[in-house]
Amino acid sequence: YYSKHLHILLAFPNTYYSNLDEKGKFGVLESVKNEVMLMFYPDRAANENNQVEKFGASDVLDLNWVQLMNAYSCTECGRCTNECPANQTGKKLSPRKIMMDTRDRLEKVSLNISKNKGEFIDDGDRLLDNYISKEELWACTSCNACVEACPINIDPLSIIMDMRQYLVMEESSAHPDLNNMMNNIENNGAPWPYNQLDRELWAQETQ
């Protein structure tokens, strides 16, 4: 159980509990969904107030048990990184490293809990920044190539997206390009920085 062959045992439950939803389908936060329903369809909104203490993930304690099992199931074969288009174009992202960093941080947290008699004492580290950089997270195109390449259905993308969610909803530190796009949608009703009245000008210019 303590050898490098642990992943052989975990490969079976990891595959069994893997996500069978369509590739590219992301979960919906019920708390956010309920707020939208209250604005547009008050009669259809849930009565209970689904408050969330924290959006997304900044450390391994915020990840679910399947994501943590993914980290221990990884054989470090590198198929995910070889298929990653971001990595192929020279960007810093490596899905294999994402899983290795998650496992390394999880082992450090487990030692902390064991040392403090079942309680985690803040050690000043976290998965975000200390192990995985923002540059790596924003380099991901969410294409699912890494997930499809893994022989036992490990999902690095779910960890990346949870950490992105934390950056956007907790730290308000979205990528500048995303901020520009969201500002344009809010002001112009489209991702482009043009007034709605000017949208047809391109057709006149081509005549």
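In this predicted model, Asn70 comes out as buried because its relative accessibility is just 4%, well on the buried side of the 20% cut-off. This asparagine sits in helix α3. Setting aside neighbours within four places in sequence, the contacts of Asn70 are Asn14, Met99, Ile154 and Asp155.

One of those partners, Met99, leads straight into the nonpolar core. Nonpolar side chains tend to be buried together in soluble globular proteins. Here the largest such core counts 34 residues, and Leu93, Ile98, Met99, Leu137 and Met163 have the most contacts inside it. At least two core residues come from each of α3 (65-73), α6 (95-115), α7 (127-130), α8 (134-139), α9 (145-149) and α10 (156-169). Helix α10 gives the largest share, with six residues. As for Leu93, once neighbours within four places in sequence are left out, its contacts are Cys84, Ala86, Asn87, Ile98, Glu136, Ala139, Cys140 and Ile160.

Two of the residues touching Leu93, Cys84 and Cys140, turn up again around an enclosed space. Rolling a probe the size of a water molecule over the atoms shows where empty space is left. Searching the whole structure gives one cavity of 30 Å³ or more, and the space in the largest cavity comes to about 70 Å³. Its lining is made up of 14 residues, with Cys84, Cys140, Ser142, Cys143 and Cys146 nearest the centre. Helices α5 (85-88) and α9 are the elements that put two or more residues into this lining. Sorted by class, the cavity lining has eleven nonpolar residues, three polar ones and no charged ones.

Then there is the open space. The largest pocket holds about 1200 Å³. It is lined by 37 residues, and those closest to its centre are Phe26, Gly27, Ser158, Met161 and Asp162. Helices α3, α10 and α11 (176-188) each put at least two residues into the pocket lining. The largest share is again from α10, which supplies seven residues of this lining, just as α10 provides the largest share of the core. The pocket lining is a mix of classes: 16 of its residues are nonpolar, twelve are polar and nine are charged. In the cavity lining, by comparison, there are no charged residues.

Aromatic rings round off the picture. The structure has two aromatic pairs. In one, Tyr16 and Tyr17 have ring centres 5.0 Å apart and planes at 85°, so this pair is edge-to-face; the angle is over the 60 degrees needed for that label. Tyr16 counts as exposed because its relative accessibility is 65%, whereas Tyr17, at 43%, counts as partly exposed. Tyr17 also pairs edge-to-face with Trp65, with 5.0 Å from centre to centre and 75° between the planes. Tyr17 is in the loop between α1 (6-16) and α2 (30-40) while Trp65 belongs to helix α3, so this pair ties together parts of the chain that lie 48 residues apart in sequence. Taken together, the ring pairs join Tyr16, Tyr17 and Trp65 into a cluster. Helix α3 thus recurs throughout: it carries Asn70, contributes to the core and to the pocket lining, and holds Trp65 of the second ring pair.

Technical notes. Residues are numbered from 1 along each chain as its sequence is written. This is a predicted model: local features need pLDDT of at least 70, side-chain atom pairs count only at pLDDT 80 or more; totals for chains, interfaces and linings use all residues. Side-chain values use heavy atoms; hydrogens and water are left out. A nonpolar core is a set of buried Ala, Val, Leu, Ile, Met, Phe, Trp, Tyr and Cys residues joined through side-chain atoms within 4.5 Å. Buried means under 20% relative accessible area, exposed over 50%, partly exposed in between (1.4 Å probe, protein chains only). Helices (H or I, at least four residues) and strands (E, at least two) are DSSP runs, numbered from the N terminus. Contact means heavy atoms within 4.5 Å. On a 1 Å grid over the protein atoms alone, a cavity is a set of points where a 1.4 Å probe fits but cannot get out, and a pocket is an open set with protein on both sides within 12 Å along at least five of seven lines; lining residues have an atom within 4 Å of a point. Grid points are joined across faces, edges and corners, and a volume is the space filled by probe spheres set on the points. Ala, Val, Leu, Ile, Met, Phe, Trp, Tyr, Cys and Pro count as nonpolar, Asp, Glu, Lys and Arg as charged, and the others, Gly among them, as polar. Rings of Phe, Tyr and Trp (its six-membered ring) pair if their centres lie within 6.5 Å; planes under 30 degrees apart count as stacked, over 60 as edge-to-face and the rest as tilted.
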